[in-house]
Amino acid sequence: MDTYMQLDIYGEQSALDSVKAELLRLDSLLSTTEPQSDIYRLNQNHSAEVDESTAELIKKSLEYCADTDGSLDITVYPLAEKWGFIDKNYTIPKQSELDSLLKNVSYKRVETDGTKITVPDGFKLDLGATAKGYAADRAKALLEESGVKSAILNLGGTVLAYGEKPDGESWRVGITNPESTDGYMGVIECRDKIVVTSGSYERYFVGDDGKRYCHIINPRTGLPADNGTVSVTVVSDDGTKNDALSTALFVMGAQKAAEYCRANDGFDCVILTEDKTAYVTEGLADSFSLTGDGEYEKVII
Ligand code: ADP
Ligand code: MG
């Protein structure tokens, strides 16, 4: 999943072994670049029989693509490739190139029939926006089976705060300060939650024009999201949902994202904008606190 992961589990070694094996299994199924992976085979052949986990993640992701009206779109891969986010050979595409690639981007064209997935010619899937959240869900299920009571897993921006701390306190999950990414601008106190952050500081390049281009792409325009949002953190007990929504709300931008939050329940979020505002949903009013780092102002939405 192209990231570092840290697994702290209080219990039997076997619990750690099973979680680690599952994360590696998912990585090998979902990679866009490993020739044996489900996604690679699907992207090469436009149709593939995939593992049940892959099929489940694709189906769940498609629901969030529809639910966010295409702000999340798991078919953005041709665009991500063109911008150079896959091979790190960054370029700013011409508008005409984007226009032609946009014809090959629409989650509505992905067909699922059990574990058989089909996409049209020229289409490619990328589950980068939901894979780590799904991995957190799978890890949580394995910890439950193992009878573990306390664990904290950081799957590269996706944190599974499982149970409570061994001393009975809540977990404290930091939200990265976008201006100084080794510090935290705020902390969320929680138990049994998955906390997922998408930030423009995670992967970006500076173009010849001096502008910063981030790895989250607006599937409607083909351009990297550029709406004043710098990070979106989503909290609930459903990792796939959080990961899907953190990316989608980032694409929507603070205004539309706040409207989405008001219209949908079952999750909380913290949206950080360039003007140093932290928009926080009601459910986090008490459990989210500023650290002073980055000097954000907290506004309840
Ligand atoms: P990260 O992988 O950095 O944690 P995200 O969860 O936001 O961040 O996922 C971003 C990844 O998803 C990108 O690297 C790209 O592969 C893919 N992607 C980019 N824009 C979108 C989008 N609008 N919808 C779905 N996937 C996207
Ligand atoms: Mg995401």
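Val 280 touches Cys 269, Val 270, Ala 285, Phe 288, Lys 298, Val 299, Ile 300 and Ile 301, leaving out residues up to four places away in sequence. The model in which these contacts appear is predicted. Val 280 belongs to strand E14, which covers residues 277–280. Its relative accessible area is 0%, so Val 280 is buried. One of its partners, Cys 269, is 11 residues away in sequence, and the two C-alpha atoms are 5.9 Å apart in space.

**Cysteines**

Cys 269 also appears in the account of the cysteines. The structure has zero disulfides. Cys 190 is in no disulfide, and the nearest cysteine sulfur to it, that of Cys 269, is 15 Å away. Cys 190 is buried, at a relative accessible area of 7%. Cys 214 is likewise in no disulfide; here the nearest cysteine sulfur is again that of Cys 269, 17 Å away. With a relative accessible area of 5%, Cys 214 is buried.

**The magnesium site**

Which protein atoms are the donors of the magnesium ion (ligand 2)? They are the O atom of Ala 129, the O and OD atoms of Asp 243, and OG1 of Thr 247, at 2.1 to 2.5 Å from the ion. Along the chain these donors follow the spacing A-x113-D-x3-T. Ala 129 is in the loop between strand E4 (116–118) and helix H6 (131–146), while Thr 247 is in helix H7 (residues 239–252), so the pair ties together parts that are 118 residues apart in sequence. Thr 247 is buried, with a relative accessible area of 12%.

Thr 130 lies in the loop between E4 and H6. Its relative accessibility is 0%, so Thr 130 counts as buried. Apart from neighbours within four places in sequence, Thr 130 is in contact with Leu 57, Ser 61, Leu 72, Thr 240, Asp 243 and Ala 244. Asp 243, one of these contacts, is also a donor of the magnesium ion (ligand 2).

**Helix H2**

Helix H2 spans residues 38–45, and its buried residues are Asp 38, Ile 39, Leu 42 and Asn 43. Viewed down the axis of H2, the buried residues fall within an arc of 125°, so they line one face of the helix. An α-helix has 3.6 residues a turn, so residues three or four places apart point the same way. The buried residues of H2 pack against helix H1 (13–30), strand E2 (47–49), helix H3 (52–67), helix H4 (77–83) and E4. Just after H2, His 46 has a positive phi of about 65°.

**Positive phi in two loops**

Two further residues with positive phi are set out below, each with its loop and accessibility.

| Residue | Phi | Loop | Relative accessibility |
|---|---|---|---|
| Asp 192 | near 50° | between strand E8 (184–190) and strand E9 (193–199) | 44%, partly exposed |
| Glu 295 | near 55° | between strand E15 (288–290) and strand E16 (297–300) | 67%, exposed |

Both values are positive in residues other than glycine.

**Aromatic rings**

How many aromatic pairs does the structure hold? There are seven. In one of them, Tyr 90 and Phe 205 have ring centres 4.7 Å apart and planes at 10°, so the pair is stacked. Tyr 90 is in the loop between H4 and helix H5 (95–102) and Phe 205 is in strand E10 (residues 204–206), so this pair ties together parts that are 115 residues apart in sequence. Is Tyr 90 buried or partly exposed? Tyr 90 is partly exposed, with a relative accessible area of 27%, whereas Phe 205 counts as buried at 8% relative accessibility.

Tyr 260 and Phe 267 form a tilted aromatic pair, 6.2 Å from centre to centre and with 40° between the planes. Both of these residues, Tyr 260 and Phe 267, are buried. Ring pairs also join Trp 83, Phe 85, Tyr 90, Phe 205 and Tyr 213 into a cluster.

Rings meet charged side chains as well. The charged end of Arg 212 sits over the ring of Tyr 204, at 3.8 Å from the ring's centre. Lys 276 lies over the face of Tyr 296, 5.9 Å from the ring centre.

Definitions and conventions. Residues are numbered from 1 along each chain as its sequence is written. Chains are lettered from A and ligands numbered from 1 in the order in which they are written. This is a predicted model: local features need pLDDT of at least 70, side-chain atom pairs count only at pLDDT 80 or more; totals for chains, interfaces and linings use all residues. Side-chain values use heavy atoms; hydrogens and water are left out. Donors are N, O and S atoms within 2.8 Å of the metal (3.2 Å for Na, K and Ca); water is not among the atoms, so sites may look incomplete. Helices (H or I, at least four residues) and strands (E, at least two) are DSSP runs, numbered from the N terminus. Buried means under 20% relative accessible area, exposed over 50%, partly exposed in between (1.4 Å probe, protein chains only). Contact means heavy atoms within 4.5 Å. The arc is that of the directions from the helix axis to the C-beta atoms. Rings of Phe, Tyr and Trp (its six-membered ring) pair if their centres lie within 6.5 Å; planes under 30 degrees apart count as stacked, over 60 as edge-to-face and the rest as tilted. A charge sits over a ring if NZ of Lys or CZ of Arg is within 6 Å of the ring centre and within 35 degrees of the ring normal. A disulfide is a pair of cysteine sulfur atoms within 2.5 Å.
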